[in-house]
Amino acid sequence: MTAAAHLDIDPRGLATLTLNRPDVHNAFDDQLIAHLIDLINEARDDKRTRVLLLSSTGKSFSAGADLAWMRRMADASRDDNLRDARKLALLMETLNSFPAPTVAKVQGAVMGGGVGLVSCCDIVVASEAAFFALSEVKLGLAPAAISPYVIAKMGVSQARRFFVSGERFSAIRAAAIGLVHEVVLAQELDAKVLQVIDALLANGPQAMRAAKQLVQVANPLQVTPELAEYTAGVIADLRASPEGREGLRAFLEKDAPAWTRASSSAG
């Protein structure tokens with residue numbers, strides 16, 4: 001059985017963490033989340049690690065939540081949903097607080113939790129063909145667990161727009177709002193990422209860790225335990241709510257959710 005994610009550390013100290021569920025566009029489920037936490041911690045604890053590269057196989061970086069997982073959690077209790085949401089929040093914090101520089105190589109779809117992963121990386125290089133969306137509201141949900149990291153990356157003004165609109169936006173727009181740092185042609189993505197990694201490996205490893213920590217400490221948008229618990233509660237409530245269940249039903253059945261039919265008849 002092929003691993004859903006794997007970690008490789010080369011002699012230079014480059015730790016490459018690869019999402020490997022291309023058949024479902026590298027979507028998250030509870031097992032992948034737990035596996036990613038373990039692999040990130042493994043890379044952190046390995047003294048060889050100087051840079052962490054987050055990449056993925058297939059057409060998409062990550063399409064967000066796995067549909068089977070979402071269906072299962074919609075039928076779960078609030079307590080189960082709360083535990084599940086805490087795990088996703090822990091994944092984001094584990095990546096966000098990684099002590100060495102982190103780089104994301106992005107192609108294709110970057111949806112929901114995939115945007116969260118990108119937001120937790122220090123440097124993001126994207127193919128011009130990549131596209132992004134915080135589309136949770138279309139399912140009657142909200143980008144809760146990832147929200148502190150996304151807001152810290154793109155800013156309050158942009159989050160106010162994209163959290164409520166759920167619209168797709170291009171890699172160029174992602175760069176304009178600070179979510180992405182470099183946008184290149186698809187055929188140049190690998191070369192550009194290697195260039196970024198080479199530049200990082202030429203720097204003092206302890207100096208980079210200290211520089212990264214400076215930014216973390218000075219960041220006014222700190223993720224406190226209280227904030228993490230609040231965001232977990234938001235998604236736990238929404239997943240099992242009538243609106244969340246209706247949004248998922250409509251999506252799975254390729255139907256319009258009830259709230260769009262109600263607004264149409266009102267008009």
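Which strands and helices do the buried residues of H1 pack against? In this predicted model, begin by selecting helix H1, residues 30-45, and then show strand E1 (5-9), strand E2 (14-19), strand E3 (51-56), helix H2 (67-74) and helix H3 (78-96), since these are the elements that the buried residues of H1 pack against. The buried positions to colour on the helix are Leu32, Ile33, Leu36, Ile37, Leu39, Ile40, Asn41 and Ala43. At the start of H1, display the side chain of Asp29, one oxygen of which comes to within 3.2 Å of the backbone nitrogen of Gln31. The end C-alpha atoms of H1 lie 23 Å apart, which agrees with the 22 Å that its 16 residues should span at 1.5 Å a residue.

Next, select Val106 and Phe132, which touch the most other members of the largest nonpolar core, a set of 54 residues; H1 gives the most to this core, with seven residues. Around Val106, leaving aside neighbours within four places in sequence, the contacts are Phe61, Val118, Val124, Val125, Ala126, Ser127, Ala130, Phe132 and Leu189. A second, separate core of 13 residues can then be picked out through members including Val103, Val125, Ile197 and Leu200.

Finally, turn to the open sheet of three strands, ordered E5-E7-E8 with mixed pairing. Strands E5 (109-111) and E8 (168-170) stand at the edges with a single partner strand each, so one side of each is left without a neighbour in the sheet. From one strand to the next, the twist averages 25°. Strand E7 (residues 131-133) runs antiparallel to E8 and is joined to it by three bridges, and Phe131 has Ser170 in E8 as its bridge partner.

Notes:
Residues are numbered from 1 along each chain as its sequence is written. This is a predicted model: local features need pLDDT of at least 70, side-chain atom pairs count only at pLDDT 80 or more; totals for chains, interfaces and linings use all residues. Side-chain values use heavy atoms; hydrogens and water are left out. Two strands pair if DSSP finds at least two bridges between them. Helices (H or I, at least four residues) and strands (E, at least two) are DSSP runs, numbered from the N terminus. Axes are lines fitted to C-alpha atoms, for helices over the stretch in contact, and angles run from 0 to 180 degrees between N-to-C directions. The expected span of a helix is 1.5 Å times one less than its number of residues. Buried means under 20% relative accessible area, exposed over 50%, partly exposed in between (1.4 Å probe, protein chains only). Contact means heavy atoms within 4.5 Å. A polar contact is a pair of N or O atoms within 3.5 Å; within protein, one must be able to donate a hydrogen and the other to accept it, and residues adjacent in sequence count only if both atoms are side-chain atoms. A nonpolar core is a set of buried Ala, Val, Leu, Ile, Met, Phe, Trp, Tyr and Cys residues joined through side-chain atoms within 4.5 Å.
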